[in-house]
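The following exercises concern strand pairing, nonpolar cores and cysteines. Please attempt each task before reading its solution.

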Amino acid sequence: MRSDVTYFKCDIADRIATVSLDRPDRKNPLTFDSYAELRDWFRDLVYADDVDAVVFASNGGNFSSGGDVHDIIGPLTKMSMKELLAFTRMTGDLVKAIVNCGKPVIAAIDGVCVGAGAIIAMASDLRIATPEAKTAFLFTRVGLAGCDMGACAILPRIIGQGRAAELLYTGRSMSAEEGHAWGFHNKIVAGADLDAEALSLAKRIAAGPNFGHMMTKTMLAQEWSMSIEQAIEAEAQAQAICMQTADFERAYNAFVAKEKPVFEGD
């Protein structure tokens, strides 16, 4: 998997990719270029055999301040409808790429996490935050609808319809404590421990079974639009496929030997 990116930071080690936006002096805003490069990187991730988990990290005490006011918001006010639709589809494609990348994604959230930054956190599979994390879906604050980049579909599934409606209508910040109580954050840790906690969780996930994790992520996304009957049948098929993997047999043999299984991803 490529780590030689231009518009964000990326480090790959021990089958874990750690990425972050790299403009800490501006609280890590997104630009047209970083949107596009992140979209392409996550699209390619589905084919990567050297990455089993991703940490989307904070940088300089903040996660992301969302779309850059000068580099994105200003130019958008001068675009045609066709150009605007191309942009909004591109930002949505980033969310789809994260959801469909086949690898568990952990958002490590510190400080400001707003706008498109909040969306990236929302699209991740797991979220660890510091007490200083402030998450806000600011779209109505700039005269737009709250339904940006899948927010009206995904956020209610995480925190519930009423809570999501409040955040999307008002654009107010959700504190770390609220986020944890509402199920948005999986865990709250001290700022000094954030990176280590996220990496520890990523290592636990990357230990496998990675084919099983890929199938879990796939079904979590696909079953949104299924009936219960369809979901049960889809899961029966998915599980039957997983039962053909060598990791399934390894787990059985380890159980019989009273040992911890060592998964190899096949």
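**Exercise 1.** Determine in which sense strand 4 and strand 6 pair, and over how many bridges.

*Solution.* Step 1: Strands are DSSP runs of E of at least two residues, and helices are runs of H or I of at least four residues, both numbered from the N terminus. Two strands pair if DSSP finds at least two bridges between them. Step 2: Strand 4, residues 53-56, is parallel to strand 6, with 3 bridges between them; V54 lies opposite V105 in strand 6. The model is predicted, so local features need pLDDT of at least 70 and side-chain atom pairs count only at pLDDT 80 or more, whereas totals for chains, interfaces and linings use all residues. Residues are numbered from 1 along each chain as its sequence is written, and side-chain values use heavy atoms, leaving out hydrogens and water.

**Exercise 2.** Follow the pairing onward from strand 6 and state the strand order of the sheet.

*Solution.* Step 1: Strand 6 (residues 105-109) pairs with strand 8 (residues 126-129) in the parallel sense over 4 bridges. Within this pair, A108 has I128 as its bridge partner. Step 2: Strand 8 is in turn joined by 2 bridges to strand 11 (residues 187-188), again in parallel, and I128 stands opposite K187 there. Step 3: The result is an open sheet of 6 strands in the order 1-2-4-6-8-11, with mixed pairing. Strand 1 (9-13) and strand 11 are the edge strands, each pairing on one side only.

**Exercise 3.** Identify which residues touch the most other members of the largest nonpolar core.

*Solution.* Step 1: A nonpolar core is a set of buried Ala, Val, Leu, Ile, Met, Phe, Trp, Tyr and Cys residues joined through side-chain atoms within 4.5 Å. Buried means under 20% relative accessible area, exposed over 50%, and partly exposed in between (1.4 Å probe, protein chains only). Step 2: The largest core has 53 residues, and Y35, W41, F42, V54 and F137 touch the most other members. Helix 4 (residues 116-123) contributes the most to this core, namely 7 residues. Step 3: A separate second core of 13 residues includes A57, L194, A198 and A202.

**Exercise 4.** Explain why C147 forms no bond with C152.

*Solution.* Step 1: A disulfide is a pair of cysteine sulfur atoms within 2.5 Å. Step 2: The closest cysteine sulfur to that of C147 belongs to C152 and is 5.1 Å away, which is too far for a bond. C147 is exposed, at 52% relative accessible area. Step 3: The disulfide count is 0. C113 is likewise in no disulfide, the nearest cysteine sulfur, that of C152, being 17 Å away; C113 is buried, at 0% relative accessibility.
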